[in-house]
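User: I'm new to this structure and would like a close look at one part of it. Could you pick a starting point and work outwards, in plain language?

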Amino acid sequence: MWRTFSIVCVCYLVRVSLNQTTTKSQDESGQDICGGTRQARTVGLKKGETESLQCNLTRTAGPNITIKWYAENQNKVNIDLHVSGDTLTIRNVSKTCVAALYRCEVFVSGSSVCNQTFNTIVLSPPAVYIYPEEENIKIELHDDLLEIFLRRGGKKWEIVCSVDADSPSNITWYEPLRHGMKDMVIGYLGEKGNTATMTDEFLKSGDSYRTVLHGRTVSNNLSTRELVMGIQVGDDKTYNRTYTCSATNKYGTDSWSVKIMRDYS
């Protein structure tokens, strides 16, 4: 089912008119103008940019030819966008304003002769979000970091670095200015797969025994991958320490930090 996306959220449809005249070589059946329009395409659209989709026709000439564009969204309501032309332009691309599917349909003298479907992927910098895996843990949210309050014990508390990005990202946990000196990378998750790797430097440190890492993929439409850090707290030196998760892909970088606080309850 097909409908428009919201014009309110600063996405626009640009109508392209066809002013050329019919040539004698055109077939009223449309067989000589359809080109590769029956083949579905997957296209990457960069977030914040102006992007265009073009119906793959061998000819766009003639007053007897009409091209209509449709967009599908999750509401499954059938609305024709009535955009004339072989090119659909989307300004200020974002996940909220771009439909998952677009379709162009070609009519000759009022009869549908062919169509093409575009599956869209919004290519964007990663967005990092940190949260504790276990519920009912006290947290305090600040502008620059998240404070998580953990009780002493032998268990490893899991802290999740969740990254949304439609272009694969490298995800890294590190401790900034460890012991007031330099940043120490704990481990990372590469662009492909869910196997987390801890660095040799950290494995040789005094904290490696109380820390584990593992990666995973979340089944949703945001292409979410997560790097989970399991950390054990005990003596005072394991508290009041800050850890940062950073994610980078070819479109940008994002990071956020968590500070481990002691829960005295």
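Analyst: **From one residue pair to the cores and sheets**

Let's start with a single pairing: Leu 53 has Leu 88, a residue of S4, as its bridge partner. Keep in mind throughout that this is a predicted model. The two strands behind that pairing are S2 and strand S4 (residues 87-90); they run antiparallel and are joined by four bridges.

Now look along S2 itself, which covers residues 51-54. Its side chains take turns: Glu 51 and Leu 53 face one way and are buried, whereas Ser 52 and Gln 54 face the other way and are not.

What about the chain as a whole? It has one helix and 17 strands. Of its 265 residues, 45% are buried. If you take the contacts between residues at least 6 apart in sequence, 66% of them join residues at least 24 apart.

Next, the nonpolar interior. The largest nonpolar core holds 29 residues, and Ile 130 and Trp 173 have the most contacts inside it. Several strands give at least two residues each to this core: S7 (127-132), S9 (145-150), S10 (157-164), S11 (170-175), S12 (184-189), S15 (224-231), S16 (241-249) and S17 (252-262). S10 gives the largest share, with four residues.

Which residues does Ile 130 touch, once those up to four places away in sequence are set aside? The list runs to Leu 146, Ile 159, Val 160, Cys 161, Trp 173, Cys 245, Trp 256, Ser 257 and Val 258. Trp 173, the other residue with the most contacts inside the core, is on that list too.

And this is where our starting pair comes back in. There is a second, separate core of 22 residues, and Leu 53 and Leu 88 are among its members, along with Val 98 and Phe 118. So much for the cores; on to the sheets.

One of them is an open sheet of four strands in the order S7-S10-S15-S14, paired antiparallel. S7 and strand S14 (211-217) are its edges, each pairing on one side only. From one strand to the next, the twist averages 20°. At the S14 end, seven bridges pair S14 with S15 in the antiparallel sense. One detail to find there is Thr 217, whose bridge partner in S15 is Arg 225.

Another open sheet has seven strands, with mixed pairing and the order S8-S9-S17-S16-S11-S12-S13. Its edge strands, pairing on one side only, are S8 (139-141) and S13 (196-198). Neighbouring strands here are turned by 20° against each other on average, ignoring direction. Within this sheet, S16 and S17 run antiparallel and share nine bridges. Tyr 243 has Val 258 of S17 as its bridge partner, and Val 258 is also one of the residues Ile 130 touches.

S12 and S13 are connected by a loop, and Gly 190 sits in it. Is Gly 190 buried or partly exposed? With a relative accessible area of 22%, Gly 190 is partly exposed. Leaving out neighbours within four places in sequence, Gly 190 contacts Ser 169, Asn 170 and Arg 225. Arg 225 is the residue we just met as the bridge partner of Thr 217. Gly 190 and Thr 248 are 58 residues apart in sequence, yet their C-alpha atoms are 10.0 Å apart in space.

Finally, the rings. A search of the whole structure turns up three aromatic pairs. Take Tyr 129 and Tyr 131: their ring centres are 5.7 Å apart and their planes are at 25°, so this pair counts as stacked. The cut-off behind that is planes under 30 degrees apart. Ring pairs also bring in Trp 256, which makes a cluster of Tyr 129, Tyr 131 and Trp 256. Both tyrosines are partly exposed: Tyr 129 has 49% relative accessibility, and Tyr 131 has a relative accessible area of 21%. Trp 256 should look familiar, as one of the residues in contact with Ile 130.

Two other rings have a lysine over them. The charged end of Lys 68 sits over the ring of Phe 107, 5.4 Å from its centre. Lys 155 lies over the face of Trp 157, and here the distance to the ring centre is 4.2 Å.

Conventions
Residues numbered from 1 in each chain as written. Predicted model: local features only at pLDDT ≥ 70, side-chain atom pairs only at ≥ 80, totals over all residues. Heavy atoms only, no water. Phe/Tyr/Trp six-rings, centres within 6.5 Å; stacked < 30°, edge-to-face > 60°. Buried < 20%, exposed > 50% of the residue type's maximum accessible area, 1.4 Å probe, protein only. Lys NZ or Arg CZ within 6 Å of the ring centre and 35° of its normal. Core = buried A, V, L, I, M, F, W, Y, C linked by side-chain atoms within 4.5 Å. Contact = heavy atoms within 4.5 Å. Pairing = 2+ DSSP bridges. Axes fitted to C-alpha atoms, helices over the stretch in contact; angles between N-to-C directions.
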